[in-house]
Amino acid sequence: MEPMTPVQNPAPVRDREAIDPRGAKRDRSWPPAPDPLPFPVIDNHCHLDFADGDTQLSVQDHLDRAAAAGVDALITIGSDLEAVRWTAALLAAEDCPPQLRGGVAIHPNEAALHACGTDHEGRELIGLGAAIEEVATLLRGPGMVVVGETGLDWFRTSRRDEQARAAQIDAFRAHIALAKELDLPLQIHDRDAHQDVLEILDADGAPERTVLHCFSGDAEFARACVDRGYFLSFAGTVTFKNAADLRAGLAEVGLGQVMVETDAPFLTPVPYRGRPNSSYLIPHTMATIAEVTGTGLETACRRVRETTQQVYGWPLEAAA
């Protein structure tokens, strides 16, 4: 492993695509700042290693904009080996802002690539076992509060690909074990894999604090997760017009085990879907969470923040 050099506001390691999945050019202008929240919350999942927007924002820019919107703390996630190293270096900097924490893991789709030995550009990758060993080492470094994101993805990686399927499952199980060993929460990426995720967690034993990042299920799946003691983290997708099942899941379980995130720079909430995302846009998502659960916005913010602090053991106090 190459030695890390702590740096302030390091340049992101990659850019979000300028073309959307339909082949159209994206609007890369930054959405306007919303009205600030009445009580601050924590963005428990974003990717500061990604750049987006017509004007590139630094790490400090993201933090400043978030604070002005009532989002006073962020957890940045590194989910491929380059981003893992970047995240660890950022958190190890002597002047790393106190409102920033992080987590690292090998994303399920990345696990499949490590198993075959090359990335999408044909560049050589280290083996999956070695990659997870590096993750395990860096998780013991400063500022790390979560193992993730890990899990299963049968959307981008075919479940019928035996090698890829086995790699994702092996990596998921290794990260589950690592979270329990380090007594850290686990953030799960679950795409088109609800039942398989539950079966593996049931078989291996879930960590005490298990989070379904960017929850994507319906009411039945939400109930199955909450009944097992898991936490559900909602992103901008809960605001999408075609996300009725997702809102039904939130309504089914209420606020008891719910958190909020951006998954920035992706999943920008309505009315700015498709444009660059950042933590300062969480007020749009929180407004939907409050509406769906029939809760006042300030009460919803207080409940979500309390849960987030419970999960991550973060001693940061909210502003009065």
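Reader: Let's start with α3: which of its residues are buried?

Author: This is a predicted model, and in it α3 spans residues 108-116. The buried residues of α3 pack against α2, α4, β6, α5 and β7. As for the names, the buried ones are Pro108, Asn109, Ala111, Ala112, Leu113 and His114.

Reader: And what phi does glycine 117 take?

Author: Glycine 117 sits just after α3. Its phi is positive, at about 95°.

Reader: Moving on to α4, what do its buried residues pack against?

Author: Helix α4 covers residues 128-138, and Leu128, Ala131, Ile132, Glu134, Val135, Ala136 and Leu138 are buried there. Their packing partners are α2, β5, α3, β6 and α5.

Reader: How are α5 and α6 oriented: roughly parallel, roughly perpendicular or oblique?

Author: Helix α5 is residues 162-182 and α6 is residues 194-204. Their axes come within 11 Å and cross at roughly 45°. That angle makes α5 oblique to α6.

Reader: Is that crossing left-handed or right-handed, and which residues meet there?

Author: From α5 come Ile169, Phe172, Arg173, Ile176 and Lys180. By class, the contact has 6 nonpolar, no polar and 3 charged residues. The crossing is right-handed, and the residues met on the α6 side are Val197, Ile200, Leu201 and Asp204.

Reader: Is threonine 210 buried or exposed?

Author: Threonine 210 lies in strand β8, residues 210-212. It touches Leu186, Ile188, Leu201, Tyr230 and Phe231, leaving aside residues up to four places away in sequence. Buried means under 20% relative accessible area. Threonine 210 has a relative accessible area of 0%, so it is buried.

Reader: How far is the C-alpha atom of threonine 210 from that of leucine 232?

Author: Along the chain, these two are 22 residues apart. Between their C-alpha atoms, the separation is 8.7 Å.

Reader: What about threonine 307, buried or exposed?

Author: Threonine 307 belongs to helix α10, residues 297-312. Beyond four places in sequence, threonine 307 touches Phe231, Leu255, Gly256, Gln257, Val258 and Met259. With a relative accessible area of 4%, threonine 307 counts as buried.

Reader: Where is the cis peptide bond that leads into glutamate 149, and what is its omega?

Author: Glutamate 149 is in strand β6. The cis bond runs from glycine 148 to glutamate 149, with omega near 10°.

Reader: Which residue comes before proline 265 at its cis peptide bond?

Author: Proline 265 is in the loop between β10 and α9. The bond is cis, with omega near 10°. The residue before proline 265 is alanine 264.

Reader: How exposed is aspartate 183, given its positive phi?

Author: Aspartate 183 isn't a glycine, yet its phi is about 55°. It is placed in the loop between α5 and β7. Aspartate 183 counts as exposed because its relative accessibility is 53%.

Reader: And what is the relative accessible area of leucine 267?

Author: Leucine 267 is in the loop between β10 and α9. Here too the residue is not a glycine, and the phi is positive, about 55°. Leucine 267 is partly exposed, with a relative accessible area of 23%.

Reader: Last one: where does pLDDT stay under 50?

Author: Over the protein chain the mean pLDDT is 94, and 97% of residues reach 70 or more. Where pLDDT is low, the predicted coordinates shouldn't be read in detail. The model has 13 contacts beyond four places in sequence for the stretch under 50, which is residues 1-7.

Methods: Residues are numbered from 1 along each chain as its sequence is written. This is a predicted model: local features need pLDDT of at least 70, side-chain atom pairs count only at pLDDT 80 or more; totals for chains, interfaces and linings use all residues. Side-chain values use heavy atoms; hydrogens and water are left out. pLDDT is the predictor's confidence in each residue, from 0 to 100. Contact means heavy atoms within 4.5 Å. Axes are lines fitted to C-alpha atoms, for helices over the stretch in contact, and angles run from 0 to 180 degrees between N-to-C directions. Helices (H or I, at least four residues) and strands (E, at least two) are DSSP runs, numbered from the N terminus. Angles under 35 degrees count as roughly parallel, over 145 as roughly antiparallel, 65 to 115 as roughly perpendicular and the rest as oblique. A crossing is left-handed if the near helix is turned anticlockwise from the far one by less than a right angle, and right-handed if clockwise. Ala, Val, Leu, Ile, Met, Phe, Trp, Tyr, Cys and Pro count as nonpolar, Asp, Glu, Lys and Arg as charged, and the others, Gly among them, as polar. Buried means under 20% relative accessible area, exposed over 50%, partly exposed in between (1.4 Å probe, protein chains only).
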